[in-house]
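User: I'm new to this one and would like to go through it with you. Can we take it in small steps?

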Amino acid sequence: MLIRFVGLMALMMIPVGVFFYFYFRRMILFWSHRDKSRIVRVVSILLAVLAALGSLNPFSVTALVLLHVAAAQVVVQLLWLAGKRFIKAPADSGDTQLSDSPAENPVERPLSENLTEKPLHKNPMNKALPEKIYRCGLVPLVVTALVLGYGYLHMKDVEPKNYTVSINKELPDGLTVALISDLHFGTTMDREKLQRYCDEISAQNPDIIALCGDIVDERTTAEEMRQAIQTLGGMESKYGIYYVFGNHDSASYSSNPPFTVPELTEAFEAAGIRMLTDECVELGDNIVLAGRLDRSYSMSMWRGDASHEGVESIGRKDTKKLLEGVDRDKFILLLDHQPVELEENAAAGVDLQLSGHTHGGQIWPVGLISDWLGFGELNYGEKTMGDYHVIVSSGIAGWGYPIRTGSNSEYLIVKVSGTNRAAGDRESGGEI
């Protein structure tokens, strides 16, 4: 699999290199005022090779910058081609001059010969302004700087997102659930900033606080991992704080993980946060909270065997099996990092599912493309299927780079309201 991936990326480097060769060549010719010399070609090739190598890791900041430069240049190219026929060169372009041969007297020559022009070297600085803007190559760089600058600031702007869900089950006092997902601690915020959002959540008096995976990742240090979990553990709620694994939490995407799964488990336990791995807990008289093991894991990881040696790997349960023995008259809240198996969850009797993972399309237009092409079951927001509701958060931060251009950073406050059958019976005189 790894060899195929590397081979695919190497193959993609060819068109990337060709694209940037022509981009750099045109820009160098504009600023150097040179003809198509060998030096220009060599420099253009070297820069194109560097660009291709920089795009080899699609999750690096370098690749992100190059991608935006390429996208902006494609737009500029299309605009230039579309408007080229409407652009005329200035009357005095500086590219030509009258013949000044001393062997001829211009007064004695015919008028047609006097106007004969002798071409000079082509100087791109003498082009019309729109063509200068196109050839100088600066527009894609400026656009990229503005877009990514906005994305950097936008990622750090975390806002609460409120949802109201009505269910057809008895829930007299209602329920408030706070959700944090995809923190990827260390990417965009430190402990002090995380504490501020935790205080905001506690101030809203939630009944349940759900941590829906990817709280940390392979770039989070062991100390940062402990800081994040300790800070999250300080939040206050009626029924406590519950966590389900995300696909990055075990740092399994790194060949040298900064912490082990047992260390992560120990940190959650020390902070008083309950880990749910394909299990259910009853809260109060009529609430069931089910937490899924992320579909990227086996149970052996959670049981404390980081090497996976000597421990039988137990796969993720299906929802129907997970909810065996659960009273379907109770409100069932499901936490699953990835918004998958929605139809299965609806058929199993889940009332509300909360998920993250998608980041809502962290970089524009990934989210739009995902929706258009039908990738995934739900990229962002709320969906209802009969009595089943699912809400997907874009996450409180992001992964890979501290930039978000396609969605908002958020934590969720979900207010669930149900029926109050006992009160209704008393009001109608039907109390037994």
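User: Where does S60 lie?

Analyst: Keep in mind that this is a predicted model. Helix 2 covers residues 38-54 and helix 3 covers 61-83. S60 belongs to neither, and its place is the loop between helix 2 and helix 3.

User: Does S60 count as buried or exposed?

Analyst: The cut-off for buried is under 20% relative accessible area. S60 comes in at 17% relative accessibility, so S60 counts as buried.

User: Which residue has its backbone nitrogen 3.1 Å from a polar atom of the S60 side chain?

Analyst: A polar contact needs N or O atoms within 3.5 Å. The pair here, at 3.1 Å, joins a polar side-chain atom of S60 to the backbone nitrogen of A63.

User: And what does S60 touch, not counting residues up to four places away in sequence?

Analyst: Leaving those sequence neighbors aside, S60 has contacts with two names to remember. They are G54 and Y401.

User: How do helix 3 and helix 5 run relative to each other?

Analyst: Two packed helices are described by the angle between their axes and the distance between the axes. Helix 5 is residues 129-136, and its axis comes within 10 Å of that of helix 3, crossing at roughly 155°. Angles over 145 degrees count as roughly antiparallel. Helix 3 and helix 5 are therefore roughly antiparallel.

User: Is that crossing left-handed or right-handed, and which residues of helix 5 make the contact?

Analyst: Helix 3 passes helix 5 in a left-handed crossing. From helix 3, the contact uses Q73, V76, Q77 and W80. On the helix 5 side, it is made by P130, E131 and Y134.

User: What about helix 8 and helix 9, how are they oriented?

Analyst: Helix 8 spans residues 222-233 and helix 9 spans 261-270, and their axes are 9 Å apart at an angle of about 25°. Angles under 35 degrees count as roughly parallel. So helix 8 and helix 9 are roughly parallel to each other.

User: Which residues of helix 9 meet helix 8?

Analyst: The crossing of this pair, helix 8 and helix 9, is right-handed. Helix 8 brings M225, R226 and I229. Helix 9 meets them with E263, L264, A267 and F268.

User: Zooming out, what percentage of the residues of the protein chain count as buried?

Analyst: The chain has 14 helices and 14 strands. It holds 432 residues, and the share that counts as buried is 46%.

Key: Residues numbered from 1 in each chain as written. Predicted model: local features only at pLDDT ≥ 70, side-chain atom pairs only at ≥ 80, totals over all residues. Heavy atoms only, no water. Helix = DSSP H or I, 4+ residues; strand = E, 2+ residues; numbered from the N terminus. Buried < 20%, exposed > 50% of the residue type's maximum accessible area, 1.4 Å probe, protein only. Polar contact = N/O pair within 3.5 Å; in protein donor to acceptor, adjacent residues only side chain to side chain. Contact = heavy atoms within 4.5 Å. Axes fitted to C-alpha atoms, helices over the stretch in contact; angles between N-to-C directions. Parallel < 35°, antiparallel > 145°, perpendicular 65-115°, else oblique. Left-handed = near helix turned anticlockwise from the far one by under 90°.
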